[in-house]
Amino acid sequence: MTFSISADFIAEANRKAEAHLAEDYAALGRQLARRGIDIEKMTQRAMDYAVAVPTWGVGTGGTRFARFPGPGEPRNVFDKLDDCGVIHQLTRTTPTVSPHIPWDKVSDYSALRQKAASHDLAFDAVNSNSFQDAAQQKLSYKFGSLTHADAATRAQAVEHNLECIEIGRKLGSTALTVWIADGSNFPGQSNLNAAFDRYMESLRAIYAELPKDWFVFLEHKLYEPAFYSTVISDWGSSFMAASELGPKARCLVDLGHHAPNTNIEQIVARLIRAQKLAGFHFNDSKYGDDDLDSGSVDPFRLFLIFNELVDAELRQAPGFSPAYMIDQSHNVTDPIESLMQSATEILRAYVQASLIDRAALAAAQAESDVLGGHLLVKQAFTTDVSPILAEARRRKGGAIDPIAIYRASSYRRHKAKERPPAAGTSAGIV
């Protein structure tokens with residue numbers, strides 16, 4: 001018998017906090033009413049928002065130097081779904097899970113889908129993996145996969161992505177995410193244009209096999225492990241590839257995959273305009289692709305990205321239907337706690353951006369009222385919407401304080417007893 005957090009346990013903990021929440025919610029409601037904002041509408045928006053969690057995110061991550069496993073790590077994808085279920089049970093914001101193949105391959109995908117459903121979870125985009133060599137793999141990806149100079153290696157990588165599509169169909173997914181580590185570490189190692197041409201040739205073969213209601217999400221990455229040149233290194237390369245492929249190809253934005261000080265929100269705005277925004281891998285960074293917890297370093301940047309997203313949503317921008325997912329590496333925290341906190345911070349930014357008086361902002365911009373426009377944006381960012389987030393969780397049966405209830409349940413201690421350490425676990429990323 002595996003341990004789970006009961007609904008009664010959550011309800012009892014909520015009962016002790018409801019009076020204080022009601023007081024804070026009423027006070028915030030009065031404050032927002034003075035600005036012409038209905039708190040109930042904002043709470044409904046919070047209740048309607050969702051972000052996916054990755055199966056690999058519930059394991060301990062690491063760096064290229066080391067990985068330090070934590071207690072009670074998931075040993076397989078079924079354990080991962082148990083942990084993802086707890087995140088959704090407490091936050092009520094993460095109803096979908098993004099699997100990674102081959103880490104999450106099983107013999108019975110119907111059973112996997114049933115397991116997810118037992119936690120009120122469904123499956124989001126399926127992620128392929130040709131940046132590592134899998135067990136019993138015939139040809140190595142050491143020098144590339146979809147762009148490898150060897151045609152047989154490229155064909156193997158294409159076949160892997162086609163397998164991912166088939167697995168995704170069995171799981172009810174409608175998108176394939178493709179990120180490759182292909183590139184070069186030395187000038188002269190690779191012909192830069194030829195590598196891109198080979199990428200397009202491989203992607204066309206994958207694109208041709210997409211089901212009619214599917215998308216392929218192309219993910220770019222500035223560097224790592226290819227430090228001299230990366231084939232799909234920026235949003236321009238990604239946009240070029242997606243445009244050539246066709247309407248079912250879109251550009252995925254990972255918040256860590258940019259040079260320092262890059263204006264990511266402007267990239268988002270451009271992709272929205274071009275109807276090529278696939279969605280997001282949410283995380284945070286200080287120096288580069290750090291994969292830190294969302295909103296932990298630069299919450300204002302996360303808010304500014306959501307400013308563009310909410311603007312597109314409210315004006316019903318053509319083709320706007322982004323997929324949202326968290327993509328982090330938890331090296332020194334409990335991954336479940338980090339994912340719950342990140343889901344909360346992502347939702348916070350969404351609600352804060354929803355508070356902006358769009359008509360007043362448009363007027364300030366039209367009149368070149370520089371500070372007036374900035375203050376309208378900053379007012380929304382500095383508004384503490386925590387009572388809205390907590391009330392939205394409570395109304396959906398989640399936890400008023402997810403991390404406090406999680407810790408009080410001793411879930412991690414129970415799982416440490418149930419799950420003895422396993423060598424070679426696919427939990428976490430390095």
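The following exercises, each with a worked solution, concern the predicted model shown above.

Residues are numbered from 1 along each chain as its sequence is written, and side-chain values use heavy atoms, with hydrogens and water left out. Because the model is predicted, local features need pLDDT of at least 70 and side-chain atom pairs count only at pLDDT 80 or more, while totals for chains, interfaces and linings use all residues.

**Exercise 1. The nonpolar cores**

Determine which residues have the most contacts inside the largest nonpolar core, and which helix gives the most to this core.

Solution. Step one is the criterion: a nonpolar core is a set of buried Ala, Val, Leu, Ile, Met, Phe, Trp, Tyr and Cys residues joined through side-chain atoms within 4.5 Å. Buried means under 20% relative accessible area, exposed means over 50%, and partly exposed lies in between (1.4 Å probe, protein chains only).

Step two applies it. The largest core has 104 residues, and Y199, F280, F282, F306 and I388 have the most contacts inside it. Helix α10 (residues 335-354) gives the most to this core, namely 10 residues. Helices (H or I, at least four residues) and strands (E, at least two) are DSSP runs, numbered from the N terminus.

Step three examines one residue. With neighbours within four places in sequence set aside, F306 is in contact (heavy atoms within 4.5 Å) with Y49, F282, I346, A349, Y350 and A353. A second, separate core has six residues, among them A175, L252, A278 and A323.

**Exercise 2. Salt bridges**

State how many salt bridges the structure holds, and identify where R419 and D79 lie.

Solution. A salt bridge is a side-chain nitrogen of Lys or Arg within 4 Å of a carboxyl oxygen of Asp or Glu. The structure holds 23 of them.

First, take R419 and D79, whose closest N and O atoms are 3.7 Å apart. R419 is in the segment after α15 (411-418) and D79 is in helix α3 (residues 77-91), so that the pair, 340 residues apart, links distant parts of the chain. Both R419 and D79 are buried.

Next, consider K415 and E418, which form a salt bridge with closest N and O atoms 2.9 Å apart. About one helical turn separates K415 and E418, because they are three residues apart in helix α15. K415 counts as buried at 1% relative accessibility, whereas E418 counts as partly exposed at 26%.

A further pair is E12 and R15, with an N to O distance of 2.7 Å. Both lie in helix α1 (residues 7-34), three residues apart, and E12 is partly exposed, with a relative accessible area of 35%. Finally, a network of salt bridges links E40, E391, R394 and R395.

**Exercise 3. The sheets**

Give the strand order of the open sheet of six strands and identify its edge strands.

Solution. Two strands pair if DSSP finds at least two bridges between them. The order is β4-β5-β7-β9-β10-β11, with parallel pairing. The edge strands are β4 (126-127) and β11 (323-326), each of which pairs on one side only.

Now follow strand β7 (residues 215-219), in which four of five residues are buried. Four bridges join β7 to strand β5 (residues 175-178), and A175 has F215 as its bridge partner. Four bridges also join β7 to strand β9 (residues 249-254). In β9, R250 is the bridge partner of F217, and L252 is that of E219. Helix α6 (residues 192-207) lies across β5, β7 and β9, at about 155° to β7.

Another open sheet has three strands in the order β1-β2-β3, with parallel pairing. β1 (53-54) and β3 (122-123) each have a single partner strand, so one side of each is left without a neighbour in the sheet. Two bridges join β1 to strand β2 (residues 96-98), and P54 has S98 as its bridge partner in β2.

**Exercise 4. A helix pair**

Describe how α1 and helix α2 (residues 39-48) pack.

Solution. Axes are lines fitted to C-alpha atoms, for helices over the stretch in contact, and angles run from 0 to 180 degrees between N-to-C directions. The angle is about 115°, and the axes are 9 Å apart. Y25, L28, G29 and L32 of α1 make the contact with I39, E40 and T43 of α2.
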